Amino acid sequence: MSFTTLDDFLLRASDRLDPISGAPSLTEVGDLDMVERDEIAHIRAAAVLIPVIPRPAGPTALLTQRPDTMASHPGQVAFPGGKVDHGDADEVAAALREAEEEVGVVPETVELIARSAPYVTGSAFRITPVIGVLPSDFQARPDPTEVADVFEAPLDFLFNTANHRTGQGFWKGKQRRYVEMPWQGFRIWGVTAGIIRDLYANLYES
């Protein structure tokens with residue numbers, strides 16, 4: 001099964017994912033096996049907002065392309081987000097703050113839905129994905145120091161396994177399988193594609 005309607009997507013998210021507050025219950029996923037042993041005790045908390053926009057032609061998710069100058073994951077497609085700072089109340093607050101800084105999301109206008117499973121990256125971040133619905137007339141205001149480009153991909157593209165291609169590559173001396181979802185010249189892959197694929201599994205395969 002795959003994406004059908006926005007109402008169905010949001011209902012599944014509310015029923016099958018973690019609520020916005022409280023201790024997480026979903027099993028973390030990702031690349032913990034790629035984290036160096038001396039880094040495991042120091043994995044840093046991070047969060048991303050999965051911004052869903054109910055456009056007239058169909059709901060989309062807003063994504064960004066990171067500048068090539070970024071220290072981590074340069075040039076990659078990502079959801080708005082970043083590290084949890086000391087001033088953030090929790091991962092949800094961090095996701096909203098970063099989305100405001102990167103693309104101009106007004107936190108008070110976001111309808112928070114749920115949190116997906118934490119995703120551990122090989123670069124030693126534990127990312128909490130937060131699903132939120134933006135106003136239907138949202139227009140991004142990207143910060144050029146943090147965002148090289150911004151675009152939207154339809155949910156019925158992202159949550160259709162026919163568009164989930166698999167590939168292989170070497171990283172840190174190990175062969176890795178990865179998912180990618182090319183969309184209109186943008187390569188959605190790596191951590192972002194992994195978060196989408198795990199979200200699909202929790203919503204439509206559970």
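## Strand pairing

Two strands are said to pair when DSSP finds at least two bridges between them. In this predicted model, strand S3 and strand S4 (residues 77–78) are joined by 2 bridges and run antiparallel, and one residue of S3, Gln65, stands opposite Val77 in S4.

Strand S3 (58–65) also has other partners. S2 (residues 44–55) and S3 pair in the antiparallel sense over 4 bridges, with Ile53 having Thr60 of S3 as its bridge partner, and a hairpin of 2 residues leads from S2 to S3. Between S3 and S9 the pairing is again antiparallel, here over 6 bridges, and Leu62 stands opposite Glu152 in S9. As for its surroundings, S3 is mostly covered, since 6 of its 8 residues are buried.

## Arg55 in strand S2

Arg55 is found in strand S2, which covers residues 44–55. Is Arg55 buried or exposed? With a relative accessible area of 18%, Arg55 is buried, because buried means under 20% relative accessible area.

If residues up to four places away in sequence are not counted, Arg55 touches Thr60, Ser136, Asp137, Phe138, Gln139 and Glu152. Two of these residues have already appeared in the strand pairing: Thr60 is the bridge partner of Ile53, while Glu152 stands opposite Leu62. By way of contrast in position, Arg55 and Thr166 are separated by 111 residues in sequence and by 29 Å in space, taken from C-alpha to C-alpha.

## Helix H3

Helix H3 runs over residues 91–103, and its 13 residues should span 18 Å at 1.5 Å a residue; the C-alpha atoms at its ends are 18 Å apart, so the two values agree. At the N-terminal end, H3 is capped by Asp90, a side-chain oxygen of which lies 3.2 Å from the backbone nitrogen of Val92. After the helix comes Gly104, with a positive phi near 80°.

Which residues of H3 are buried? They are Val92, Ala94, Ala95, Leu96, Arg97, Glu98, Ala99, Glu102 and Val103. The buried residues of H3 pack against several strands, namely S2, S3, S5 (81–83), S6 (111–115), S8 (125–133) and S9 (149–154), and among these S2 and S3 pair with each other, as S3 and S9 also do.

## Salt bridges around Arg97

Side chains of opposite charge can pair when their charged atoms come close. A search of the whole structure finds 9 salt bridges, including one between Asp88 and Arg97, in which the closest N and O atoms are 2.8 Å apart. Asp88 has a relative accessible area of 12% and is therefore buried, and Arg97, at 17% relative accessibility, counts as buried too.

Arg97 forms a further salt bridge with Glu101, where the closest N and O atoms are 3.3 Å apart. Arg97 and Glu101 both lie in helix H3, 4 residues apart, or about one turn of the helix. An α-helix has 3.6 residues a turn, so residues three or four places apart point the same way. While Arg97 is buried, Glu101 counts as partly exposed, at 34% relative accessibility.

## Arg197 and a shared network

Another salt bridge links Arg197 to Glu205, with the closest N and O atoms 3.3 Å apart. At 25% relative accessibility Arg197 counts as partly exposed, and so does Glu205, at 47%. Elsewhere, salt bridges that share partners join Asp85, Asp88, Arg97, Glu98 and Glu101 into one network.

## His164 in a loop

Where does His164 lie? His164 is in the loop between helix H4 (155–158) and strand S10 (165–171). Its relative accessibility is 11%, so His164 counts as buried.

The side chain of His164 reaches the backbone oxygen of Leu158 at 2.7 Å. Leaving aside the neighbours within four places in sequence, the residues in contact with His164 are Leu158, Phe159, Val179, Glu180, Met181, Arg197 and Tyr200. One of these residues, Arg197, is the residue that forms a salt bridge with Glu205.

Technical notes:
Residues are numbered from 1 along each chain as its sequence is written. This is a predicted model: local features need pLDDT of at least 70, side-chain atom pairs count only at pLDDT 80 or more; totals for chains, interfaces and linings use all residues. Side-chain values use heavy atoms; hydrogens and water are left out. Buried means under 20% relative accessible area, exposed over 50%, partly exposed in between (1.4 Å probe, protein chains only). A polar contact is a pair of N or O atoms within 3.5 Å; within protein, one must be able to donate a hydrogen and the other to accept it, and residues adjacent in sequence count only if both atoms are side-chain atoms. Contact means heavy atoms within 4.5 Å. The expected span of a helix is 1.5 Å times one less than its number of residues. A salt bridge is a side-chain nitrogen of Lys or Arg within 4 Å of a carboxyl oxygen of Asp or Glu.
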